[in-house]
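Biologist: I should like to learn how the features of a structural model are read. Please take me through them in turn.

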Amino acid sequence: MVRRHRRFWSDEEKRRIVAQARSPGVSVSVVARRYDVNANLVFKWLRDPRYRLPVGEAVSFLPVEITPDRPAPAAEAPALGAAVEIELACGTRLRVDARIDEASLTRIIRALRAVS
């Protein structure tokens, strides 16, 4: 059996954990897991007046602005009629359009290897 050592939390640490747990939309159990504390202990601290924020001091958040994703810059498309010539180890030459997708090219090369 593993014996756990009791951890001692300073009043400042308790206040910081309580402040996070009081934030709107925040789960107390998530905060408790973040600090490796039993959630019941955090609930106990929430009820304790010693760990409440002083009057006039509130939790504040930084403003966040969500903007739509910018489209990725378009890659230069190969010119029409551009081709790539590939010479396999068996001596077979393969000439394909430069715009061929990787999956198709892989299937073609495997088929040529099987035939050679």
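Modeller: In this predicted model, the chain exposes about 10100 Å², and carbon and sulfur atoms supply 54% of that area. Of its 116 residues, 20% count as buried.

Biologist: Which secondary structure elements does the chain contain, and in what order do they run?

Modeller: The chain has four helices and two strands. Read from the N terminus, the order is α-α-α-β-β-α. As for contacts between residues at least 6 apart in sequence, 32% of them join residues at least 24 apart.

Biologist: How should one read a nonpolar core, and which residues make up the largest one here?

Modeller: In soluble globular proteins, nonpolar side chains tend to be buried together. Here the largest nonpolar core has 12 residues: Trp9, Ile17, Val18, Ala21, Val28, Val31, Ala32, Val37, Val42, Trp45, Leu46 and Tyr51. Helices H1, H2 and H3 each supply at least two residues of this core. Apart from it lies another core, of five residues, which include Leu88, Leu94, Val96 and Leu105.

Biologist: With which residues is Ile17 in contact, leaving aside its neighbours within four places in sequence?

Modeller: Ile17 is in contact with Trp9, Val31, Tyr35, Val42 and Trp45.

Biologist: Let us turn to a single helix. Which residues of H3 are buried, and why are they said to line one face?

Modeller: Helix H3 spans residues 39–47, and its buried residues are Val42, Trp45 and Leu46. Viewed down the helix axis, these buried residues fall within an arc of 105 degrees, so they line one face of H3. Their cover includes helix H1 (11–22) and helix H2 (28–34).

Biologist: Which exposed residues does the face turned away from the buried side carry?

Modeller: That face of H3 carries Asn40, Lys44 and Arg47. Lys44 counts as exposed because its relative accessibility is 51%, the cut-off being over 50%. Lys44 and Val18 are 26 residues apart in sequence, and their C-alpha atoms are 9.7 Å apart in space.

Biologist: What caps the N-terminal end of H3?

Modeller: The cap is Asn38, which has a side-chain oxygen 2.7 Å from the backbone nitrogen of Asn40.

Biologist: Where does Asp36 lie, and is this residue buried or exposed?

Modeller: Asp36 is in the loop between H2 and H3. Its relative accessible area is 60%, so Asp36 is exposed. The backbone deserves a look as well: Asp36 has a positive phi of about 55 degrees although it is not a glycine.

Biologist: Now for the strands. In which sense do S1 and S2 pair, and over how many bridges?

Modeller: The pairing of S1 with S2 is antiparallel, over five bridges. One of the bridge partners can be named: Val84 is matched by Val96 in S2. The two strands form a hairpin with five residues between them, and Gly91 in the turn has a positive phi of about 100 degrees.

Biologist: Where is Cys90 placed, and how is its accessibility to be read?

Modeller: Cys90 is in the loop between strand S1 (83–87) and strand S2 (93–97). Its relative accessibility is 45%, so Cys90 counts as partly exposed; that class lies between the buried limit, under 20%, and the exposed limit, over 50%.

Biologist: How far apart are Cys90 and Leu112 in sequence and in space?

Modeller: Cys90 and Leu112 are 22 residues apart in sequence, with a C-alpha to C-alpha separation of 9.4 Å.

Key
Residues numbered from 1 in each chain as written. Predicted model: local features only at pLDDT ≥ 70, side-chain atom pairs only at ≥ 80, totals over all residues. Heavy atoms only, no water. Buried < 20%, exposed > 50% of the residue type's maximum accessible area, 1.4 Å probe, protein only. Pairing = 2+ DSSP bridges. Arc of directions from axis to C-beta. Contact = heavy atoms within 4.5 Å. Polar contact = N/O pair within 3.5 Å; in protein donor to acceptor, adjacent residues only side chain to side chain. Areas by Shrake-Rupley, 256 points an atom, 1.4 Å probe, with all protein chains shown as cover. Core = buried A, V, L, I, M, F, W, Y, C linked by side-chain atoms within 4.5 Å.
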